[in-house]
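Q: Please walk me through this structure one feature at a time. I would like the general idea first and then the case at hand.

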Amino acid sequence: MQKYSGKGKYHHKQMESLMLNIINHALKFSINDPLLKKVSFTYVTLTNDKSILYVYCDSYDRSKIEKIVKELNDAKGVFRTELAHQLKTHKTPTVQFEIDKTIDNSLKIEELLNKININNKE
């Protein structure tokens, strides 16, 4: 796994990509909870001051996604520790897990477009 040296070699998006890889690695090797093994991290965003890393999560079992995200936030210290070990930066960002609503939003848009099409045909 690549290490980030913090000397301007990587751009912001590359740093986010590296952090996503580290978070995925920590989920695979440091977390033993079977419920949390059902989650996938879709993308991350790092604030401009690099103090908070937002990790967006999704799961095939959408009925349990809120519980999964709560448990991930309870275990965020494990992920931050892994980031601290892998990154060579002055400060390690706080990790905040969020529900990825991309699929839900796209379904709502599709539903609205279908309603528009039905109204136009009438």
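Q: Let us start with a single residue: where is the place of Lys50?
A: Lys50 is in the loop between β1 and β2. Element names like these come from DSSP runs, numbered from the N terminus: helices are H or I with at least four residues, and strands are E with at least two. Please keep in mind that this is a predicted model, in which local features need pLDDT of at least 70, side-chain atom pairs count only at pLDDT 80 or more, and totals for chains, interfaces and linings use all residues. Residues are numbered from 1 along each chain as its sequence is written, and side-chain values use heavy atoms, leaving out hydrogens and water.

Q: What is the phi of Lys50, and is the residue buried, exposed or partly exposed?
A: Its phi is near 60 degrees, a positive value in a residue other than glycine. As for cover, buried means under 20% relative accessible area, exposed means over 50%, and partly exposed is in between (1.4 Å probe, protein chains only). With a relative accessible area of 34%, Lys50 is partly exposed.

Q: How do β1 and β2 run, and how many bridges join them?
A: Strands of a sheet pair through backbone hydrogen bonds, either parallel or antiparallel. Two strands count as paired if DSSP finds at least two bridges between them. Here β1 (residues 39-46) and β2 (residues 52-59) run antiparallel and are joined by seven bridges. They form a hairpin with five residues between them. To follow the pairing by eye, match Val39 with its bridge partner Ser59, Tyr43 with Tyr56, and Thr45 with Tyr54, which stands opposite.

Q: What is the order of the strands in the sheet?
A: The order is β1-β2-β3, in an open sheet of three strands with mixed pairing. The edge strands β1 and β3 each pair on one side only. β2 and β3 pair in the parallel sense over six bridges, and Leu53 stands opposite Val95 in β3. β2 is mostly covered, with six of its eight residues buried.

Q: What lies across the sheet?
A: That is α1, which lies across β1, β2 and β3 and runs at about 150 degrees to β1. For such angles, axes are lines fitted to C-alpha atoms, for helices over the stretch in contact, and the angle runs from 0 to 180 degrees between N-to-C directions.

Q: Which residues of helix α2 are buried, and which are exposed?
A: An α-helix has 3.6 residues a turn, so residues three or four places apart point the same way. In α2 (residues 65-74), the buried residues are Ile65, Ile68, Val69, Leu72 and Asn73. Down the axis of α2 they fall within an arc of 135 degrees, so they line one face of the helix; the arc is that of the directions from the helix axis to the C-beta atoms. On the other side, Glu66, Lys70 and Asp74 are exposed. The buried residues pack against β1, β2, α3 (76-86) and β3 (94-99), where contact means heavy atoms within 4.5 Å.

Q: How many aromatic pairs does the structure hold?
A: Rings of Phe, Tyr and Trp (its six-membered ring) pair if their centres lie within 6.5 Å; planes under 30 degrees apart are stacked, over 60 edge-to-face, and the rest tilted. The structure holds four such pairs. In one of them, the rings of Phe41 and Phe79 have centres 6.2 Å apart and planes at 85 degrees, so the pair is edge-to-face. It links Phe41 in strand β1 with Phe79 in helix α3, 38 residues apart. Phe41 is buried, with a relative accessible area of 8%, and Phe79 is buried too, at 0%. Ring pairs link Phe41, Phe79 and Phe97 into a cluster.

Q: Which residues touch the most other members of the largest nonpolar core?
A: In soluble globular proteins, nonpolar side chains tend to be buried together. A nonpolar core is a set of buried Ala, Val, Leu, Ile, Met, Phe, Trp, Tyr and Cys residues joined through side-chain atoms within 4.5 Å. The largest one has 27 residues, and Ile23, Phe41, Leu72, Phe79 and Phe97 touch the most other members. Its largest share, eight residues, comes from α1. Not counting residues up to four places away in sequence, the contacts of Phe79 include Ile23, Phe41, Leu72 and Phe97.
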